[in-house]
Amino acid sequence: MINKILFCLAWLVLGLGAIGVVIPLLPTTPLVLLASALFAKSSPRFEAWLRTTRLYRSYVVPFRESGGMTARKKVSMFVVTSATCLISFALVDALPARLVLICVVCGMGIALLTKIRTISPEEDALLRAQWDETAQA
């Protein structure tokens, strides 16, 4: 029964991660990592499948292998999230909500600058290519 619950939860989390590709407020990489862990516990076959997907290779592999992401991905993530928060800031009149939005943008900026390593596009491509070779072997 637990495996079935974990399996369903893995699909739910993976769906949210996939939506996060186009909706910036959902963090794609952590959600796909969580889905991978849930699949590993409930269905190794689906975990193996997930590791072959473009979503996994694009978002998870470079971060999982190096602990970083390219400057372009960082800037893109920050700009889209900041724009979304700015729109929310303009639409919401409650001071506590506005303070939360400011904290989210500032916290994300600090994390991207200090906690997540910046890798070069070449390193990103190399990590994905190495992953592809390992997955095919």
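**Figure legends: close-up views of a predicted model**

**Figure 1. The buried residues of helix α7 pack against strand β1 (68-70) and helix α6 (71-91).** The structure shown is a predicted model. Helix α7 spans residues 95-114, a run of 20 residues. From its first C-alpha to its last, α7 reaches 28 Å, close to the 28 Å expected at 1.5 Å a residue. Its buried residues are Leu 101, Val 105, Met 108, Gly 109 and Leu 112. These residues lie on the same side of α7 because they cover an arc of only 95° around the axis. The other side of the helix holds the exposed residues Leu 95, Pro 96, Cys 103, Ile 110 and Thr 114.

**Figure 2. Cys 103 is an exposed residue of helix α7.** The view is centred on Cys 103, which lies in helix α7. Cys 103 counts as exposed because its relative accessibility is 54%, where the cut-off for exposed is over 50%. The residue sits on the other side of α7 from the buried set, which includes Leu 101 and Val 105. Between Cys 103 and Ala 40 there are 34 Å in space, C-alpha to C-alpha, and the two are 63 residues apart in sequence.

**Figure 3. Thr 81 is found in helix α6.** Helix α6 covers residues 71-91 and, together with β1, is what the buried residues of α7 pack against. Is Thr 81 buried or exposed? Thr 81 counts as buried because its relative accessibility is 5%, and buried means under 20%. Along the chain, Thr 81 and Tyr 59 are 22 residues apart, and their C-alpha atoms are separated by 17 Å.

**Figure 4. The buried residues of helix α2 are covered by several helices, among them α1 (2-19), α3, α4 (54-59) and α5 (61-66).** Helix α2 comprises the 15 residues 28-42. Its reach from first C-alpha to last is 21 Å, close to the 21 Å expected at 1.5 Å a residue. Which residues of α2 are buried? They are Thr 28, Thr 29, Leu 31, Val 32, Ala 35, Ser 36, Leu 38, Phe 39 and Ser 42.

**Figure 5. Trp 11, in helix α1, is in contact with Phe 39, Phe 46 and Trp 49.** This set of contacts leaves aside the neighbours of Trp 11 within four places in sequence. One of the partners, Phe 39, is a buried residue of α2, and α1 is among the helices that cover the buried residues of α2. Trp 11 itself is partly exposed, with a relative accessible area of 35%. Trp 11 and Ser 58 are 47 residues apart in sequence, while their C-alpha atoms are 18 Å apart in space.

**Figure 6. Pro 44 has its place in helix α3.** Helix α3 is formed by residues 44-51 and is among the elements that cover the buried residues of α2. Pro 44 counts as exposed because its relative accessibility is 56%. The C-alpha atoms of Pro 44 and Arg 57 are separated by 18 Å, with their positions 13 residues apart along the chain counted as the distance apart.

**Figure 7. The chain as a whole has 8 helices and 2 strands.** This view places the preceding close-ups in their setting. Along the sequence, the elements follow the pattern α-α-α-α-α-β-α-α-β-α. Taken along the principal axes, the C-alpha atoms fill a box of roughly 55 × 40 × 20 Å. The chain has 137 residues, and buried residues make up 30% of them. Among contacts with a separation of 6 or more, 67% involve residues 24 or more positions apart. The chain exposes about 8700 Å², of which carbon and sulfur atoms supply 70%. There are 14 positive and 8 negative side chains, and the centres of the two sets lie 7 Å apart.

Terms used:
Residues numbered from 1 in each chain as written. Predicted model: local features only at pLDDT ≥ 70, side-chain atom pairs only at ≥ 80, totals over all residues. Heavy atoms only, no water. Helix = DSSP H or I, 4+ residues; strand = E, 2+ residues; numbered from the N terminus. Expected span 1.5 Å × (residues − 1). Buried < 20%, exposed > 50% of the residue type's maximum accessible area, 1.4 Å probe, protein only. Arc of directions from axis to C-beta. Contact = heavy atoms within 4.5 Å. Areas by Shrake-Rupley, 256 points an atom, 1.4 Å probe, with all protein chains shown as cover. Lys, Arg positive; Asp, Glu negative; His and termini not counted. Charge placed at Lys NZ, Arg CZ, Asp CG, Glu CD.
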